[in-house]
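Hello,

Here is the structure I promised to pass on to you. Please have it open while you read, and my notes on it follow just below.

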Amino acid sequence: MRTRILAIAALGTLGLQAFAASSERGFQFLSASEAASELGAVIQTGSSAAMWVWTDKVVYSPGDQVTVRWTVKPNNDFYPYTIVAYRQNNQTGAKSYLPNNNSTATDIFGNTVDQGFRITRLPAANKAVIVGQGGSVVSSTLTVPNELGMHTIVVQLRDYSGGRVLKAAYWKLGVVSAQEDLPSNITESRTLTNDKAYRIRGIVTVRNNATLTVNPGTFLIGQPGSQPPSVLLVATNGKLVAEGTKSRPIIMTSSQAVGSRQRGDWGGLIMLGQAPINDPGGKLTIEGLPELPETNYGGSDANHNCGSLKYVRVEFAGSLLRPNEETNSFTWGACGKATKAEYLQASYGLDDSFEWFGGTMDAKYLVGAFGADDYFDGQIGWSGRVQFGAVIANSDLSNRGMEMDNYERDFAAKPLGKPTFYNLTFIGNAANGFDESDSPCLYFRRGAGGIYNNIICQNWTTRGVGGANLDAIQPNIDNGDFNMNGILLWENGKNTTPAAASTLAGQVLAGLQAFAGSSRNFLVADPLLARPLEYSDPDLRPAPNSPAYRASFVQPPDDGFFDQSATYIGAFDQSNWMEEWTQLVQEQDLKP
Amino acid sequence: MAGLLALAAWGQTPPGTVSGSVFDASNGQPAKQVTIRTEGPQQQTVEVNQDGTFRLNLAPGKYILRLTSPLYMDAAVEDLDVNSGEVAEASTVMAPKGQSTVVDVVERISAVAATAEAALTERKLSAVVSDSLSNEELKSGPASDAAGALEKVTGVSVVDGGYVFVRGLGERYSSTMLNNAMLPTTEPERRVVPLDLFPASLIDNIKVLKTYSPDLPGEFSGGLVQMTTVEFPAQKTLNVSVSYGFNTQTTFNRFLGQSTNSTGEALGFGASARDLPGSIPADKRLFVGNFTDQEFQQFGRSMPRQYEVTPIRSMRPSQTYSVSGGNSYGKLGVVGALTFSSSPQHINEARRFLVNSGGGRPQIFSDYSDFNTDTEGVRMGAVLNAAYRLNPNNKLLFRNMLTRDSDQQSRVFTGLNGGNNQDVRSTRLQWVERQLFSTGVEGEHAVASLGNSLFFWQFTYSLSNRNEPNLVETIRGRETGSDQQFRFLNLPESGLHFFSKLNDKIYEPQGGWSKPFFSGPVSGIFKLGFRGTMRRRDFDSRRFRFFPVRAQTINFDAPTSVVLGDANIRPDGFVMREITRGTDKYTANMDIYGGFAMVDLALGPKWRLVAGFRIEDANIQVRTIDPLVPGMQPALANLVNRDWLPSVNAIYALNKRQNLRFSYGRTVNRPDFRELSPFEFTNIVGGYSTVGNPDLKRAVIDNYDARWEWFLGGNQLLAASYFHKRFKDPIEQIYRPTASELRQSFINVAGSVNQGLELEYRQGMARFSPKLRAFALQSNFTYVDSKVDIPVDRFPQLTSRNRPLVGQSRYLFNVISEWNQPKWRSNARFYLNTVSRRLTDVGTFRLPDVYQERQAFVDVVYQFALSENGKWNMRFSAENLTDNRYKYTQADFIVRDFRIGRTFTIGTSYSFY
């Protein structure tokens, strides 16, 4: 029997049906001795396989039935693994190991460590049920326990010893007692706890010196069918403190069924402050919303505190208010230095993922994925700092990795927007330009200023570095207000101008080539990222021999904000800070 | 008879002479079919000549002249002294029958009888300063609609085809009345109805009132345009006319048409294929969550998706047909008219948009060098009026007017779009249907037993609507300067379908009572009246857009009809979603109740004084809510005001031919519906979006006028006016940016001052040389100086700190010369019209204001009577002979540049009776 399975495994990828039909719940597994002999002395450090796991909803009530599915693409990974799956209550830390809901670790076949974990080759699975009707791990649905708060479904690939986790997939879900509608005005401080989910319908405004605190692991559900769109708006006299954790991120998402959620299902998160902007009026109405006193932003307090965001995801946002005015996933209007923003993910935004309208706020660890427009967008004089940013555009829709302006209406407006970026990795979709014919990785226009260092751009549509109105940027270059260094470019424009994908001339807009050629460390080389184009389970960490580690990086300044130890180009070295709290699976890959 | 007279003359003192002219009170033209009978020492009866003049030789003594006519109300000139060998001047005016103000005018005659010995045109009589155009002038000019005709009036300029600026004050300060009733508008973004909706052939006369009197609605400052539809026939009439127009850049040229074109659309009725299909629910928004993917796919596929223009190789000439007729049947008079016209216009222009680049230098941001707008306008109109004279003292009138107008517009432009830095090609197909219906009943009752009181009442119901089904735009793009194929772009305007409907109604009851009184040298009329204007508007629109979901499943290089074809409308291709906003639907009311009391006094032979006050209560409410979105709270705006509006007009006769006038009036200007709503109103695609301001106050305006006028006899005149208007809290448009566009809003600025001069001159050339007898000249000139101060602290984005009002020219100049040669049955008119540069768009962000440069138009009309009796006429006109260049500049750049071509029209008309 076991030898037979090995023979089947040699066929490489097999449909789940075949596995399900076989005994032993469809998994091919090896005996420890077989595996050990096969492995020999190889020490496994990771997996080339892609894997994701999900359930049919994101928010459940106790007693609901849950079906868990997964997709596994072995990608020629023939290593043997111990597969462990469990549900973790992120409030208590308690784990319930599948298939028997043991509190101590079992593999998916129910073996404990003492019994000996059973190891197996990775099965190829496409949207296969692992828990639920006909499930390959548990053949009935999982009943949601009466444990309110955030839970995580985790599937781990451990090495043959069962002791070391080589790869894991996570699915965050909420167990709530009720779904509560947020009022349209939050005028007194309050805390949202994760035993409930909260609906956002229309504009929910935090104002009147109120602070809205959102506890870790809380879901906020944006409702469709509202004009103006459903947004959480933090007015200049309000604050949002949403500090999640790696295991309990705060998730603002669509109300629609998993698999059919779309960009623009709801509006997004908007935070407004009173830091300076460079419109001569000093105040503007934020993009995407009607002109009301609470939609104004801008002022003179460079230290304004819009609040604190940590481990927050905003998904499927970006309702359209009028032509050219969609809400962004994260919108910051004139937020100041005291504002905190770390570990934030925007995915499936109809407009930009992160957009700064003026202000001075900083941000770290930003992930933008599958957005229809740009990922990092700054204008109206934003001068903040950003370190560690990862962007993944899939082939649905996308525009530019970064789009920086000074001010659209007056290219020379003062004070100049001059952000500072370090350590970014941008993965494009190489598809033909879609809503704008010129969709490079980095795009500078309208008198942009700023410092852009240690950036990887791979697979963008037209080129690596582009822009417009360069004559308005030249003065900034001349006086050092615009600079770039340590730019690693690879295969941008490979479908539009294949020959140009490996030359500096092909990677940088003609008007900026002289700039790029003058010892600013523009490299055209393969950054050797682990799995950059596996959209639903990407791995953007560079291989040890990657040029990302070459000496062309510029050390981030020692100013208390930047992590000076990031001595590489791009957002990652060997540690993956996107682990667990992000969700990077393409929606079509979740459609049952 | 002659012998008898001669004999009498031989033996007695020589007779005196009475001469004069009789004018039509409504328009100052010579009156026709008038019989004069004398009462006094000698009885005579004469017919007034065709040119309105008469001459009588009478024995000396005191006389009364009785004037009668089938066309006019009876009139009399009293206290006429005829002295031997002297010529007594006895000109007068007669009020047309059937005009509502008729009896009023007759009484004015008696009231100013002391000065009636001078030549009186109605303008001279009029208590207020006005300019008017008679039906004859309308007919002999080149204009085909009311808007075109008004361009020739002193101090009037017409902007955007149909909006009247009187003395440089924009549409905000002008209002329009038809048959003495306020008119609703067909335009959701405008206050007043565009006057190009009214075919000239249906209009009997247009008056532009420039000074205020208390019997007029208080919302008045620049001017009030009063139109009267065709009047009652004196005899059976039936007239048909037809004309064809050839535009040098349209006729027989390539034209961008639309495939929906059908016979119905050629007649102005939109094809049902443009309507929102019935399968798309009317009671539910097409929002995510409301329908399944399959249903959305079905909705998307049922949407009318005609995105491309259909070129027409050779466009037909424009054409106009009209028929009008009337008759009287005993006490009943009926008149009706129908007109139909269809006129295509091709415009190719260059448009540019600027931005401030480094160092604050403007540079071109977007550059559309090939911007084509092809419009085919179809206009239909009908009038049916009836009057029933119960007896000489009681009269009933019914008036009905319907006009319909449709525009099929195809717009295609290509060029650099600075917003996304690529070459784009935009195609927009539009169809707009507008309709205005007005019906009214009115009555006049003279009651001799109540001291010759006159009662007047009127009730008018007007309904205007506008339907714009399926405005659709698609945009394709390619890299700048490349010759690649244009690909479909997923810009927010691209693949947008917009439907809108507007209904605007006015119910307007009004009534008045007036009574003459005499007391020695003081005579006058006392008047009381009221007017209720109840306006109701509802506006509804829906927007839909196709959103792409997974771009790689769609080939964007394919033609737009394939890109958005059925095969691509699917859950992972294009999905259609409704993007109607909560503010895309609103209802609004405006209730104004006004009452007035005034007195019109003749104080001796020199003075006339019209003074009084009006009180107006206004209540404006705008309610914005989307009833299809559950739980939505309505946005309300409400403005309530009571205003006392005093006014004084004094007329002083310097001598028999010269008047001096002084007037003062206080008027108001209220915010319009959309200006008050705190929410954002729809922006018609391509325009600015507009946000109202619920804090707006109504503006108060103090108007001062002085005028000197010299009536040189006949239709000859020399006049000069000075006006000065002080505005408190005037409402001005301002622009402010949001992140990605400019938004228009409104504020009360502290104050502004408008002042100016008008000169007018009308003269027959015979005065200079008998050889020039056939020629007449009239010209007018207006100079306006206006200044608005913009509060810098509140709107720092605006470039100009003070500037003239938007749309205003500093100079307006018209010359009209006429050549009339009855021998050759010919008449020709030559028009020269020029307006100086005017501000069209307020500059922002250090960019200067946009000005439209000086325009000059030359038109010629020639009419020739084919038949001796004048029943069959030919008419040739040549419009825009200089092919005026419409040029808009900003800084040193030309930002808009186009011409509309010369138009040559040939037409003929025939009168059966």
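In this predicted model, the side of helix α6 of chain A that faces away from its buried residues carries A:Ala510, A:Ala514 and A:Gly517, which are exposed. The helix runs over residues 510–517, and A:Leu512, A:Phe515 and A:Ala516 are its buried residues. Those buried residues lie on the same side of α6(A), because they span an arc of only 95° around the axis. What lies over them? Among the elements that cover the buried residues of α6(A) are β39 (465–467), α4 (470–478), β40 (482–490) and β41 (522–524), which belong to chain A. Just past the end of α6(A) you will find A:Ser519, with a positive phi of about 50°.

Next, please look at strand β21 of chain A, residues 239–243. One face of β21(A) is covered and holds A:Leu240 and A:Ala242, while A:Lys239, A:Val241 and A:Glu243 sit on the uncovered face. In a regular strand, side chains alternate between the two faces of the sheet. Which strands pair with β21(A)? Strand β18 of chain A (residues 211–214) runs parallel to β21(A) and is joined to it by four bridges. In that pairing, A:Val214 is opposite A:Ala242. Strand β26 of chain A (residues 307–315) is also parallel to β21(A), again with four bridges. Here A:Glu243 has A:Lys310 of β26(A) as its bridge partner.

A:Lys310 is worth a second look, since its side chain takes part in a salt bridge with A:Glu342, where the closest N and O atoms are 4.0 Å apart. This pair connects distant parts of the chain: A:Lys310 is in β26, A:Glu342 is in strand β30 (residues 340–347) of chain A, and 32 residues separate them. A:Lys310 is partly exposed, at a relative accessible area of 31%, and A:Glu342 is partly exposed too, at 27%.

Now for a salt bridge in chain B. B:Glu675 and B:Arg172 form one, with 2.5 Å between the closest N and O atoms. B:Glu675 belongs to helix α9 (residues 673–676) of chain B and B:Arg172 to the loop between β11 (163–166) and β12 (174–178) of chain B, so this pair ties together parts that are 503 residues apart in sequence. Are these two residues buried or exposed? B:Glu675 is buried, with a relative accessible area of 1%, and B:Arg172 counts as buried at 12%.

Chain B also has a salt bridge between the side chains of B:Arg707 and B:Glu709, at 2.7 Å from N to O. Both B:Arg707 and B:Glu709 are buried. Back in chain A, salt bridges with shared partners join A:Arg400, A:Glu403, A:Asp405, A:Arg445 and A:Arg446 into one network. Over all chains, the count of salt bridges comes to 75.

Last, a sheet in chain B. It is an open sheet of four strands with antiparallel pairing, in the order β3-β2-β5-β6. Strands β3 (45–47) and β6 (75–82) of chain B are at the edges with a single partner strand each, so one side of each has no neighbour in the sheet. From one strand to the next, the twist averages 25°. Within this sheet, β3(B) pairs with strand β2 of chain B (residues 35–39) in the antiparallel sense over three bridges. There, B:Thr35 has B:Glu47 of β3(B) as its bridge partner.

Enjoy exploring!

Best wishes

Conventions: Residues are numbered from 1 along each chain as its sequence is written. Chains are lettered from A and ligands numbered from 1 in the order in which they are written. This is a predicted model: local features need pLDDT of at least 70, side-chain atom pairs count only at pLDDT 80 or more; totals for chains, interfaces and linings use all residues. Side-chain values use heavy atoms; hydrogens and water are left out. Buried means under 20% relative accessible area, exposed over 50%, partly exposed in between (1.4 Å probe, protein chains only). Helices (H or I, at least four residues) and strands (E, at least two) are DSSP runs, numbered from the N terminus. Two strands pair if DSSP finds at least two bridges between them. The arc is that of the directions from the helix axis to the C-beta atoms. Contact means heavy atoms within 4.5 Å. Axes are lines fitted to C-alpha atoms, for helices over the stretch in contact, and angles run from 0 to 180 degrees between N-to-C directions.
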